[in-house]
Amino acid sequence: EAPVLRTSLLPGMISMLADANRMSTQPLRITPRPVNLAAVAADAVGVQPPDAKERIQVRVADDVWVGGDDERLPLIFTNLISNAIKYAGPGKTCRVVARIAARQDLVAAGRKLQASGEDGQEWAVVTVEDEGPGISVEDQARLFQKFVRLSHSLVTPVRGTGLGLWICRQYVDAMGGDIWVDSRLGQGSRFSFCLPRVTTPSS
């Protein structure tokens, strides 16, 4: 089954690398449109390895729509979920949760919000939580920079390009939201991003 898995993940990886190449010369421009979070989360889980799917818990309401890019938003989910599974280690659970937050509360918490949303008030916050080793404060400060490999990843068999989180930040920024991490060594990590909530599209 491994070849099938690599094939299903490959298009997303190619898209992210192509975007990274373009962003070296010009800023990424996105025209947000309504995207259903539950559908995106389901797609992201669907391309994970069979053994990983069993360890992913998703709690995303069906009626939450955000203003985003329907091609790049799934790549954010996929990247964060893949990282959670990869770095947490065998048998560890990954949780994907979405909640609604008020714009003023996010701003008060230090989030940098560019988009206003339809009424500027409700935002969706997606959190991908793992049971891994956690990330030091020093490493957290560098996480979303380009080509960064964390210190603990250098002494494990896990390998990456150092581009994934940087690209996720570019995507979220282009959609008008913010992305951040909360983590303590030995207590896992929680990667979150927020996007403006929009009204459910009429069918």
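**Exercise 1. Read off the fold order.**
In what order do the elements of the chain run from the N terminus on?

*Solution.* From the N terminus on, the order is α-β-α-α-β-β-α-β-α-β-α-α-β-β. The chain's secondary structure comes to seven helices and seven strands. Note that this is a predicted model.

**Exercise 2. Describe the chain as a whole.**
State what share of the 203 residues is buried, then turn to surface and contacts.

*Solution.* Step one: burial. Buried residues make up 47% of the 203 residues.
Step two: surface. The accessible surface is about 10,600 Å², and carbon and sulfur atoms hold 53% of that area.
Step three: contacts. Take the contacts with a separation of 6 or more; 74% of them join residues 24 or more positions apart.

**Exercise 3. Place strand β5.**
Which strands pair with β5, and in what sense? Why does β5 count as largely enclosed?

*Solution.* Start with β4. It pairs with β5 in the antiparallel sense, over eight bridges. In this pairing, V97 stands opposite T127 of β5.
Next, take β7, residues 189–198. β5 and β7 also pair in the antiparallel sense, over seven bridges. Here V125 has C194 of β7 as its bridge partner.
Now check burial. Strand β5 covers residues 122–129, and six of its eight residues are buried, so the rest of the structure largely encloses it.

**Exercise 4. Classify T93.**
Is T93 buried or exposed? Locate the residue and list its contacts.

*Solution.* Locate it: T93 sits in the loop between α4 (73–88) and β4 (94–102).
Classify it: the relative accessibility of T93 is 17%. The cut-off for buried is under 20%. T93 therefore counts as buried.
List the contacts, leaving out residues up to four places away in sequence: T93 touches R55, Q57, E129, D130 and E131.

**Exercise 5. Characterise the second largest pocket.**
What is the volume of the second largest pocket, and which element gives the largest share of its lining?

*Solution.* Volume: about 180 Å³ for the second largest pocket.
Lining: 16 residues line this pocket. Those nearest its centre are K112, F144, R169, D178 and I179.
Elements: α7 (164–174) and β6 (178–183) are the ones that give two or more residues to the lining. The largest share, four residues, comes from β6.
Chemistry: the lining divides into six nonpolar, four polar and six charged residues.

Definitions and conventions
Residues are numbered from 1 along each chain as its sequence is written. This is a predicted model: local features need pLDDT of at least 70, side-chain atom pairs count only at pLDDT 80 or more; totals for chains, interfaces and linings use all residues. Side-chain values use heavy atoms; hydrogens and water are left out. On a 1 Å grid over the protein atoms alone, a cavity is a set of points where a 1.4 Å probe fits but cannot get out, and a pocket is an open set with protein on both sides within 12 Å along at least five of seven lines; lining residues have an atom within 4 Å of a point. Grid points are joined across faces, edges and corners, and a volume is the space filled by probe spheres set on the points. Ala, Val, Leu, Ile, Met, Phe, Trp, Tyr, Cys and Pro count as nonpolar, Asp, Glu, Lys and Arg as charged, and the others, Gly among them, as polar. Buried means under 20% relative accessible area, exposed over 50%, partly exposed in between (1.4 Å probe, protein chains only). Contact means heavy atoms within 4.5 Å. Accessible areas come from the Shrake-Rupley method with a 1.4 Å probe; for residues, only the protein chains shown count as cover. Two strands pair if DSSP finds at least two bridges between them.
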